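Grab a pencil and work through these short exercises with the structure open beside you. Try each task yourself before you read its solution.

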Amino acid sequence: MLAAMQMTTDVSEEVTILSLDGDLNATNSRDVESYLSNIIDEGNRKLLINLDGLNYISSAGLRVMLMANKKLKNAEGELKLCGLNDTVKEVFEIAGFHMILNIYVNQEEALRDF
Amino acid sequence: MKIAIVSPFPPSTGTLNEYAYHLVQHLSEKPDVEEIVLITDKLPDQKEYELPDFKVPVSVKDVWEFNKLTNPVQILRAIYKSQPDIVFYNLQFLSFGDKKVSAALGLLIPFLSKLMGFPSVVLLHNITETVDLESAGITSNPVLKFIFAMTGTLLTKVLLGANLLTVTISKYVKVLESKYKAKNVALVPHGSFELPSIPDFENSQGMKQVMAFGKFGTYKKVEEMIEAVDLLRKRHNERIEIVIAGSDSPNAKGYLESVAKQYQDMADLVFTGYVAEDDVPRIFRESTVVVFPYTSTTGSSGVLHQAGSYGKPAVLPDIGDLKHLVREEGYSGEFFLPGKVEDLAGAIERVLYDESNRISLSRANYAAAASLPMADIADWYLMHFKSLIKKKKRASVRNIPWRSFWPTAQQEIVPAGM
């Protein structure tokens, strides 16, 4: 549990699912990044971040997604995102991330595509 | 990847020179980057650029001059000779000149380099739609305002002719998408140049120092700040040092000299002149508070990011883009209304004479700066560069000659993974 942010992990077959709840901003972005890094360093190569419970993401939060994507690509892994609400989706679109990251409407759809 | 960067670069005093310096430094440390060509302006007195050691070869082509009409030819020739994989422009509207024709011709270059087949990315630090021309001291005449707005619209359309135009504030993306129906615009945050180790927030010994940093004279004016600090000196019967760090804006030569003359009898008022890169950390560390004496804003603030990096509290104008940026990136500060000396004095006072507030603002700004370091912003750009290079390769394979000549304001950013 971090400031205004809760993280839970689950595993479905080979895919690690990280669910984020709350706000992802400058205050907690470093902690979330470090949590994500640990997941990747542990050898997980298929990562799904479920943003269903994310209310807000700042530029600092976008940077975390970018870093996770880079780290997984370097390790020949794969990152997918799902469950963006309208506010979060707009932020992704403003940064052009919707064209670069793999984003799905919901968890089932994302899992099917791994 | 070979990257050409078109921008002023230190020791040139052209605006945005420091941003270019730090971006080059961080790009040079990325494994994907093999070479950087710096296409920059000529230094006065035919001086030559002496670059620090970068991790990849960085060459300088100093081929252009402020207000020179031949800049497009010189810059495009340098790009052609360099044959980069990508061209990156670090710009604001007056980067190439403050005369209408030279400025406009310069802004055509990204579109032309794209036509030549080089993927071209523009970082535009401000947009005309959010600049208050009257507050910025440009004009209050309604007719001239209309002409400026029309010219700004036209030049923005020209810049949107690049493959990708990036801005540092999300609000700008929304404005450009809604007004110009552009689909080749993306947010890339400004980022913090350096992130020194965690400062000692508690330590505030010695004479209090109020500092303003930048290029002054257009919309950054220091008179009200000097008057405000003088008010506080009298109110608290204490010496407070005022430091004006930086030089004149290229568009307001002689401004700081006139201010120095006006306040020649005032004690503890220091004008540092141009601050070399090596002196920047000392200037920020010695300050107690960084004041932004702006009458208007023209984009994100490199100085705010620097204040954050050194864990300094900020006193900010309660206007436009800065307020938006503070909210968006998690910075913190005391706000004042421009033009109100008493209000500015109050804001400075709340930092100088409320220790817990000073420490809390300092910590918040350091956390905000730490959350978006320039090293990661360089990765952000590389992500876009790779996407554009991949797109160019696909277009070449298809061998449709007219494709790369078609204006891309309506084109979309192509997914890197596709």
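**Exercise 1.** Find which side chain makes a polar contact with the side chain of B:Ser102, then say whether B:Ser102 is buried or exposed.

*Solution.*
- Step 1: Keep in mind that you're looking at a predicted model. Go to helix H3 of chain B, residues 100–115, where B:Ser102 sits.
- Step 2: Look around its side chain. The partner is B:Asn67, whose side chain makes a polar contact with that of B:Ser102 at 2.9 Å.
- Step 3: Now list the other company. Leaving aside neighbours within four places in sequence, B:Ser102 touches B:Asn67, B:Lys68, B:Leu69, B:Phe96 and B:Gly97.
- Step 4: Check the accessibility. B:Ser102 has a relative accessible area of 3%, and the cut-off for buried is under 20%, so B:Ser102 counts as buried.

**Exercise 2.** Describe what chain A brings to its contact with chain B.

*Solution.*
- Step 1: Start with the contacts: 19 residues of chain A meet 28 residues of chain B.
- Step 2: Turn to area. The two chains bury about 1,900 Å² between them, with 65% of it on carbon and sulfur atoms. A:Ile94, A:Met99 and A:Ile100 provide 34% of what chain A buries against chain B, more than any other three residues.
- Step 3: Add the charged pairs. There are three salt bridges between chain A and chain B. In one of them, the side chains of A:Glu90 and B:Lys174 come together at 3.6 Å, N to O.
- Step 4: Ask which helices take part. In chain A, helix H1 (29–41), helix H2 (59–74) and helix H3 (86–94) each supply at least two residues of the side that touches chain B. H2(A) gives the largest share, seven residues.
- Step 5: Sort that side of chain A by residue type: eleven nonpolar, four polar and four charged.

**Exercise 3.** Hunt for backbone oddities in chain B: where is there a cis peptide bond, and which residues other than glycine have a positive phi?

*Solution.*
- Step 1: Recall the usual picture. Most residues other than glycine have a negative phi, and most peptide bonds are trans.
- Step 2: Check the prolines. B:Pro10 and B:Pro11 are joined by a cis peptide bond, with omega about 10 degrees. B:Pro11 lies in the loop between strand E1 (2–6) and helix H1 (17–27) of chain B.
- Step 3: Stay in the loop between E1 and H1 for B:Leu16, whose phi is positive, near 75 degrees. With 19% relative accessibility, B:Leu16 counts as buried.
- Step 4: Move on to B:Asp268, in the loop between helix H7 (255–262) and strand E10 (269–273). Its phi is positive too, about 55 degrees.

Notes
Residues numbered from 1 in each chain as written. Chains lettered and ligands numbered in written order. Predicted model: local features only at pLDDT ≥ 70, side-chain atom pairs only at ≥ 80, totals over all residues. Heavy atoms only, no water. Contact = heavy atoms within 4.5 Å. Buried area = accessible area lost by both parts, 1.4 Å probe. Salt bridge = Lys/Arg side-chain N within 4 Å of Asp/Glu carboxyl O. Helix = DSSP H or I, 4+ residues; strand = E, 2+ residues; numbered from the N terminus. Nonpolar A, V, L, I, M, F, W, Y, C, P; charged D, E, K, R; others polar. Buried < 20%, exposed > 50% of the residue type's maximum accessible area, 1.4 Å probe, protein only. Polar contact = N/O pair within 3.5 Å; in protein donor to acceptor, adjacent residues only side chain to side chain.
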